[in-house]
Amino acid sequence: MAPHGEVWVFAEVEEGRIADVSIELLGKGRELADTLGVRLGAMLLGKGVRPLAGALHAHGADVVYLADHDALAMYRTLPYARWIIDLAAAKKPEIVLYGATPTGRDLAPRVASALKVGLTADCTDLQIGEYESGGRLFSRKLLQVRPAFGGNVIATIVSPEVVPQMATVREGVMHVPPAADGRAGELCEIDFAPAPEDELVRVLEHHAQERRVNLRGAPIIVAGGYGMGSAESFKLLHDLAATLNAAVGASRAAVDAGFIHHDHQVGQTGTTVRPKLYIACGISGAVQHRAGMEESQKIIAINRDPEAPIFQIAHYGIVGDALEVIPRLIKALKGAM
Amino acid sequence: MSFTMVVLVKQVPNWSNITGEAMNADGTVNRNALPAVFNPDDLLALELALDLKDREGGRVTVLTMGPPRAADILRDALCRGADRAILLSDRRFAASDTLATSYALAQTIITRLSPFDLVICGRQAIDGDTAQVGPQVAEKLKLPQVSYVERVLECRGDRLVIRRNLGRAHEIVEAETPLLLTVVGGGGSARWPNARLLLKYRRACSAFEIEKAAQARGAAVGELKDELAARGLLIDTWGVDEICADLNRTGLTGSPTKVKKIMNVVLKGKDLKRFAPDDAGVKALVDELTAERTFG
């Protein structure tokens, strides 16, 4: 039997540092590699990115595959994909993981198509396990768990017969492993050769936008839904957030209604969060929203409708009008502090 | 210059207002309980193509792979201004994952719709949210891809200047045709069906529909087909044979990913502590959370 291939993580570089999701993936990748008894590799591409290899080792990578080249300064599909396709074809990793970011979701399908392998999008969990089909048993397979059909079902997907097994993984759902500074690892430099086709798409301008709010890092989130009724009443949420030193989140319905900017959106098409405390105000708790917040340690739901699904996942519930309850909450909090 | 464009579209179940009846007891999805709609991103892709046609001239062909009833969105596309519609439908395409789907679509474009300048598709479909088929079609056509397109700012000969929306960033790129775009749109909505086109194209028929109509009228299929073709009302309907597809690469056989398990999302109903919405209730809640050090 052929020796088993490695587990790889695509290390995305964002504004000169390793993206959070890639660090999260190294944690999960480490776990998978240990279960399989194989090495964890990280693919690092860019210009002047060599110094970032240490951080990848510290977060669990045994080996960093590096391409440091002027032509890789900005992410572009064709050169990045070509380097990864060639490397994967040569080294035959068992598993390759990407963050489900705009870059990861642009890159991974291109690689999967060229290698003719399966790819599962937007996974929320990954495990090693068995798969049985037609009397055949496949062991040591990557079980790829993802919400499907608008989050109404959770599907487990496998690619039993071809390698690498590939998946993109949702940002914010995997736990970040503590860094072991000074942890050593191998650095393996792989040549990158520019090709004329790389110039078919040229980046003229790239503008990064500051996020208006850092939801993922906030220990407390105060979120409003359509039940808040208006953009004006979101001011109440900001007041409550200020009292608690919390960030303001929102449901998709509130964002679509124009109550607040999309950066604040929590849920399947927004940010996934797991704060210490999540206060849902006027949020009914549609499955798409729950998908992004139900891992919160404590959930308080305030809603007029006692049947709202949000109460099914909440720890504390107040059936009432959020516009009346929030001022009382602010008052009580100020009294308690 | 004018552009020969192929727009990839999909008919999807509408998940936006899902109800309990949409789920079967065994956790599978009852597609029949959900209305079928034009995938929203694909509608924006069609709009981008029609807008380019208005500005620069050209021809827009819409292509979908799906069951016979997917002809509905092709009629819709014709009524909005598409020039030609193609339904790729064959039982042997059933259960295709994104790799097999992209193979069938790319094979159709290679064998029947070349040459072209642009292949345009929505970023993702709301039934799977994978955003994989666009880049996979691009790879199979050996084309560069520009994903998350908001709009085409400018055409410089065979090069397009395009604005991309990357969520936390935006980018202006210049790309040479032939090219594949995946579209997110720039906040505008798609044009409505045109009344004149609606009168005409509501009668457009796929091969499946012609067969049914011929049976009902006791007419010959060939005659009916010729009649519709002469009036430009034929929705070309192709299967595995018409696109010379390799059966090892279509349907379940051509799909490397398999579903191991599907679980219905069941709300467990935690031990919910209820508090009254009045001052006393709210204070009791705050006291409890303070005691648990949840705020600190």
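Domain bounds here come from an automatic or database domain assignment. On that basis, chain A of this predicted model splits into domain 1, covering 7-200, and domain 2, covering 220-336. The C-alpha centres of these two domains of chain A sit 34 Å apart. Where domain 1 of chain A touches domain 2 of chain A, nine residues of the former are in contact with eight of the latter. Together the two domains of chain A bury about 680 Å², with 36% of that area on carbon and sulfur atoms.

Chain B gets its own division, into domain 1 (3-249) and domain 2 (265-296). For this pair in chain B, the C-alpha centres lie 49 Å apart.

Now for the contact between the chains. The size of an interface is often given as the accessible area lost when the parts come together. Chain A and chain B bury about 6,700 Å² between them, and carbon and sulfur atoms carry 56% of it. On the chain A side, the residues that lose the most area to chain B are Arg110(A), Phe149(A) and Tyr316(A), which together make up 10% of what that side buries. As for residue counts, chain A puts 75 residues into the contact and chain B puts in 75.

One piece of helix packing runs across the two chains. Helix α9 of chain A (residues 322-336) and helix α8 of chain B (residues 279-291) have axes that come within 9 Å and cross at roughly 50°. That angle makes α9(A) oblique to α8(B), and the crossing of the two is right-handed. From α9(A), the residues taking part are Val325(A), Arg328(A), Leu329(A), Lys331(A), Ala332(A), Leu333(A) and Ala336(A), and they meet Asp279(B), Val282(B), Lys283(B), Val286(B) and Thr290(B) of α8(B). Sorted by class, this contact of α9(A) with α8(B) has seven nonpolar residues, one polar and four charged.

A second helix pair is found within chain B. The axes of α6 (residues 207-217) and α7 (residues 221-230) of chain B come within 9 Å, crossing at roughly 120°. Angles from 65 to 115 degrees would count as roughly perpendicular and those over 145 as roughly antiparallel, so α6(B) and α7(B) are oblique to each other. The crossing of α6(B) past α7(B) is right-handed. In this pair, Ile210(B), Glu211(B), Ala213(B), Ala214(B) and Arg217(B) of α6(B) meet Val221(B), Leu224(B), Lys225(B) and Leu228(B) of α7(B). The contact of α6(B) with α7(B) breaks down into six nonpolar and three charged residues, with no polar ones.

Note on methods:
Residues numbered from 1 in each chain as written. Chains lettered and ligands numbered in written order. Predicted model: local features only at pLDDT ≥ 70, side-chain atom pairs only at ≥ 80, totals over all residues. Heavy atoms only, no water. Axes fitted to C-alpha atoms, helices over the stretch in contact; angles between N-to-C directions. Helix = DSSP H or I, 4+ residues; strand = E, 2+ residues; numbered from the N terminus. Parallel < 35°, antiparallel > 145°, perpendicular 65-115°, else oblique. Left-handed = near helix turned anticlockwise from the far one by under 90°. Contact = heavy atoms within 4.5 Å. Nonpolar A, V, L, I, M, F, W, Y, C, P; charged D, E, K, R; others polar. Buried area = accessible area lost by both parts, 1.4 Å probe.
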